[in-house]
Amino acid sequence: WHNRMRHKYPGDKILTDPKAPGVIIKNCAYKCGGLHDRLGHLGWDLLLANQTRRILLIHWCTPAPIEHFLVPNKVDWTLPRSSFLDDRLFSNTTKVHIHCDRAVEEWTMLFDGYVEYIQGDAFFTEHVDIAIDRATKGDLKDKKILRYKVLGDDFKLKQRLMERHNESDPISWSDSFSSAFWTLFKPSEGLQRALGDAFKELQLSIPADYNAPPFYALHVRVRHPRGHVGVAIEAKGGAGGARGVDKFGLEFRDEAKTFAVGVAEHALQCARKMHLQKHSFFSETYIFYADSEELVDYVGQNYQSKGIRVQNMTGTVLHIDRQHGHPPNSYYSAFIDLFVAAHADCIVFGAGNYALLAGKINVRGARKCMIRHHPDDAHDRIVHIQFLECNNNDDLDISPKAFDRQLPPLPLFESKFK
């Protein structure tokens, strides 16, 4: 239906033709989170579009328009240029994204009046239904454009699909998610060239080679607030203290360096333990990536003999939501690491949700080989598959674990929309 409508109303006609359906825009104007927050809840995005009977579009102001990184594959989700829209929405310069912010304010919010960034239970059990009703038969019905920001809780989606739509596919951690992702997205031309260079540098076969030897993706997130709890670290230049580390980078010295290297070593030990159990007939290949360029360089220089491979760091590892004002290609590394891990056979992850998106879109079976090397109490909202917990003790016990949130079921609900 989406493709038929985009074909029937090409270009900006999807916005200007009164006969065209309305659109719902997943918009990132300011403080939208990282890649998992933006791209890791496609089930919710598609559900909202379906239930409001609108065309799903995706638009970013920060760190740059999304088309610099991802472009449509088989479904056109782009916001078309139009005299109907403010030119600031299509700015290619991240330094003026604040002007894009102001242009976005002209669009009506689907969840106007509700907190949609950090939601409580009532948001998913009540406010989503209210918003859908407003968009289909209430005061928002005739609004051509509706926008929303971050919406996502994998467990709430699974629960809603089962209880209200009798749908057993949870989407987020099934093959449906990776299928939806690669149907919607492919790398931009510039990112594709950078990806090709990265695969060559890492000595990996092209992504389409499913007969390639197995490799592991090791992700270490030491700048994340939940990744360094209780550790004396500081941001580069002392900016913002420990809380500024995620925005300004980690001072790689003293206790912070010892801590970061220790986390990386433990992640490698967890990966090697699983390699012996699962892939011992193959040589060890571990692709290491982290949110600290100094840590990546250190690991690359000191652990190559243990099968570690890293990319040569020529710039700063930038957080797409916290570090603005850089050229779009400065953020390529976030997407390169994601797409490399999306072709790994096992993913070793720690704090934060970035590596979890790689698991969701993985095409080589890594959803059955997710190994957590560092705890994060927020994962129970995201990880709804059985994963392997690599305890930080002498015997490196790798044990199966699954989050099981036993919440009272919602009352049976018959969907208005078949």
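## Exercises on helix packing and nonpolar cores

The axes of helix α6 (residues 121–137) and helix α7 (residues 154–165) come within 11 Å and cross at roughly 60 degrees. The model is predicted, with local features requiring pLDDT of at least 70 and side-chain atom pairs counting only at pLDDT 80 or more, while totals for chains, interfaces and linings use all residues. Residues are numbered from 1 along each chain as its sequence is written, and side-chain values use heavy atoms, with hydrogens and water left out.

**Exercise 1.** Classify the crossing of α6 and α7.

*Solution.* Step 1: angles under 35 degrees count as roughly parallel, over 145 as roughly antiparallel, 65 to 115 as roughly perpendicular and the rest as oblique. Step 2: the angle is roughly 60 degrees, which makes α6 oblique to α7.

**Exercise 2.** Identify the residues through which α6 meets α7, and sort them by character.

*Solution.* Step 1: Asp121, Phe124, Thr125, Val128, Asp129 and Ile132 of α6 meet Lys156, Arg160 and Arg164 of α7 (contact means heavy atoms within 4.5 Å). Step 2: these residues divide into three nonpolar, one polar and five charged.

**Exercise 3.** Determine whether helix α14 is enclosed or open.

*Solution.* Step 1: buried means under 20% relative accessible area (1.4 Å probe, protein chains only). Step 2: eight of the eight residues of α14 (residues 354–361) are buried, so this helix is largely enclosed by the rest of the structure.

**Exercise 4.** Describe the largest nonpolar core.

*Solution.* Step 1: such a core joins buried Ala, Val, Leu, Ile, Met, Phe, Trp, Tyr and Cys residues through side-chain atoms within 4.5 Å. Step 2: the largest has 57 residues, and Leu35, Trp60 and Phe185 have the most contacts inside it. Step 3: α13 gives the most to this core, with eight residues.

Terms used:
Buried means under 20% relative accessible area, exposed over 50%, partly exposed in between (1.4 Å probe, protein chains only). Helices (H or I, at least four residues) and strands (E, at least two) are DSSP runs, numbered from the N terminus. Axes are lines fitted to C-alpha atoms, for helices over the stretch in contact, and angles run from 0 to 180 degrees between N-to-C directions. Ala, Val, Leu, Ile, Met, Phe, Trp, Tyr, Cys and Pro count as nonpolar, Asp, Glu, Lys and Arg as charged, and the others, Gly among them, as polar.
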